Amino acid sequence: MEILEVIELKKYFNTKAEFLQKSCVVKAVDNVSFKIMEGEILGLVGESGCGKTTCGKTVLKIYEPDSGKILFRGEDITHLGRREMRSYRTKMGIVYQDPFGSLDPRMTVGSIISEPMEIHNLYPKSERHEQIKEIMEKVGLTSEQMNRYPHEFSGGQRQRIGIARTLALNPEFVVADEPVSALDVSIQAQILNLMQDLQKEFGFTYLFITHDLSVIKHICDRVGVMYVGKIVEIAPKKALFKNPKHPYTEALLSAVPSVNPKIRQKHIILEGDVPSPINPPSGCRFHERCFKKIGKICETKEPELIEVGKNHFVACHLY
């Protein structure tokens with residue numbers, strides 16, 4: 001069963017280009033569509049600035065979409081106001097990238113975790129203390145740490161606090177926005193394993209945003225690849241890593257280092273810079289850097305996302 005369906009989602013930002021002295025439109029998310037099944041982990045990967053985080057925040061309606069549809073369990077939540085969205089806020093959560101910047105330094109850990117409970121009036125007041133203790137233990141913290149402040153913890157522990165705050169709402173769907181990118185490699189594995197354990201225990205569905213393909217390979221069931229505001233390929237993890245269809249995906253995977261020193265990898269070096277979302281190229285947005293460009297059609301016609309294998313979709317004129 002689908003827990004989330006996103007249809008032709010768009011999110012643009014108006015900004016002012018100082019050197020041009022005029023207003024510009026940043027097409028951060030431009031006509032993005034995908035589905036997430038209940039209990040699934042869908043990874044969203046791409047270079048910095050491709051629109052991954054904006055997509056995740058728009059899905060949660062932290063940003064209001066400009067057009068398109070967001071369906072949560074079949075219900076259209078696209079145009080719901082703050083009051084109408086309140087009942088959905090306990091079902092949808094987010095884990096932020098920066099484990100320190102996302103926590104209020106003036107609040108104790110116990111207050112940080114209890115705040116969502118108070119806002120949404122969850123659990124009787126007499127039970128909240130026990131609930132906080134239980135949640136802290138679930139994420140690998142102790143109840144003795146309840147009265148400490150965020151600056152007294154390490155980066156990994158702070159991210160555990162952020163996960164605990166999300167867990168306080170007992171959500172069904174969680175957007176994990178690069179939750180391990182700011183952590184040491186040894187700590188990253190611990191946090192990823194924790195998130196997987198919590199998913200198994202509580203049945204979470206994740207939209208997992210990252211630029212690290214090794215993390216995607218470890219935790220995700222399916223993978224969506226974004227480039228300049230658009231999804232160019234989406235497929236089951238094994239199919240994507242074994243047989244990538246889009247040239248951009250090929251280039252990304254070729255950059256992943258091999259753990260076997262005997263395997264000599266062929267690295268695909270992309271020429272040129274990533275286009276600006278203010279003025280993206282016509283046609284396929286990747287055509288200026290593509291090593292498999294087939295002619296004028298790539299420069300003039302935007303490719304549609306089509307199915308080329310079982311649950312394997314790609315937006316490329318090669319297919």
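Hi everyone. Let me open with one side chain: at 11% relative accessibility, Arg289 counts as buried. What I'm showing is a predicted model, so please keep that in mind throughout.

Why start with Arg289? Its side chain meets that of Glu47 in a salt bridge, 3.6 Å from N to O. This pair ties together distant parts of the chain: Glu47 sits in the loop between β3 (41–45) and α1 (52–59), Arg289 sits in the loop between α9 and α10, and 242 residues separate them. The two ends also differ in burial. Glu47 is partly exposed, with a relative accessible area of 26%, whereas Arg289, at 11%, is buried. The cut-off for buried is under 20%, so Glu47 at 26% falls outside it.

Stay with that loop for a moment. Arg285 is also in the loop between α9 and α10, and its partner Asp30 is in strand β2 (residues 22–37), 255 residues away in sequence. Asp30 and Arg285 form a salt bridge in which the closest N and O atoms are 2.3 Å apart. Here both partners, Asp30 and Arg285, are buried.

Now to a third residue of the loop, Lys292, which lies between α9 (247–254) and α10 (296–300). Is Lys292 buried, exposed or in between? Lys292 is partly exposed, as its relative accessible area is 33%. Its side chain makes a polar contact of 2.7 Å with the side chain of Glu250. Leaving aside residues up to four places away in sequence, Lys292 touches Pro247, Glu250 and Leu318. For a sense of scale, Lys292 and Arg83 are 49 Å apart in space, C-alpha to C-alpha, and 209 residues apart in sequence.

Glu250 brings us to helix α9. How many of its 8 residues are buried? The count is 8 of the 8, so α9 is largely enclosed by the rest of the structure. Among those buried residues are Pro247, Tyr248, Glu250 and Leu253. So the polar contact of Lys292 goes to a buried residue of α9: Lys292 contacts Glu250, and Glu250 is buried. What covers the helix? The cover for the buried residues of α9 includes α7 (213–219), β9 (222–227), β10 (230–236) and α8 (237–242).

Strand β10 gives us another charged pair. Lys230 forms a salt bridge with Glu302, with the closest N and O atoms 2.9 Å apart. Again the link spans distant parts of the chain: Lys230 is in strand β10, Glu302 is in the loop between α10 and β11 (306–309), and their positions lie 72 residues apart. Lys230 counts as buried at 12% relative accessibility, while Glu302 is partly exposed, with 39%.

In total, the model has 14 salt bridges. Some charged residues go beyond a simple pair: Glu38, Arg73 and Glu172 are linked in a network of salt bridges.

Arg73 is worth a look for its backbone as well. Arg73 sits in the turn of the hairpin formed by β4 and β5, with 2 residues between the strands, and has a positive phi of about 50°. Strand β4 (residues 67–72) pairs with strand β5 (residues 75–76) in the antiparallel sense over 2 bridges. In one of these strands, β5, Asp76 is the bridge partner of Leu71.

Here is a residue that goes the other way. Asp177, in strand β7 (residues 173–177), is buried yet has no salt bridge. Which side chain of opposite charge is nearest to Asp177? It is Lys57, 5.1 Å away. A salt bridge needs the atoms within 4 Å, so Lys57, at 5.1 Å, does not qualify. What Asp177 does have is a polar contact of 2.8 Å with the side chain of Thr53. Beyond its sequence neighbours up to four places away, Asp177 touches Thr53, Val95, Tyr96, Gln97 and Ile209.

Let me finish with the whole chain. The secondary structure comes to 10 helices and 12 strands. The radius of gyration is 21 Å, close to the 20 Å from the globule rule for 319 residues, so the chain is as compact as a globular protein of that length. The C-alpha atoms fill a box of roughly 70 × 50 × 45 Å along the principal axes. Of the 319 residues, 49% count as buried. And of the contacts with a separation of 6 or more, 63% come from residues 24 or more positions apart. Thanks for listening!

Key: Residues are numbered from 1 along each chain as its sequence is written. This is a predicted model: local features need pLDDT of at least 70, side-chain atom pairs count only at pLDDT 80 or more; totals for chains, interfaces and linings use all residues. Side-chain values use heavy atoms; hydrogens and water are left out. Two strands pair if DSSP finds at least two bridges between them. Helices (H or I, at least four residues) and strands (E, at least two) are DSSP runs, numbered from the N terminus. Buried means under 20% relative accessible area, exposed over 50%, partly exposed in between (1.4 Å probe, protein chains only). Lys and Arg count as positive and Asp and Glu as negative; His and the chain ends are not counted. A polar contact is a pair of N or O atoms within 3.5 Å; within protein, one must be able to donate a hydrogen and the other to accept it, and residues adjacent in sequence count only if both atoms are side-chain atoms. Contact means heavy atoms within 4.5 Å. The radius of gyration is taken over C-alpha atoms; the globule rule is 2.2 Å times the number of residues to the power 0.38.
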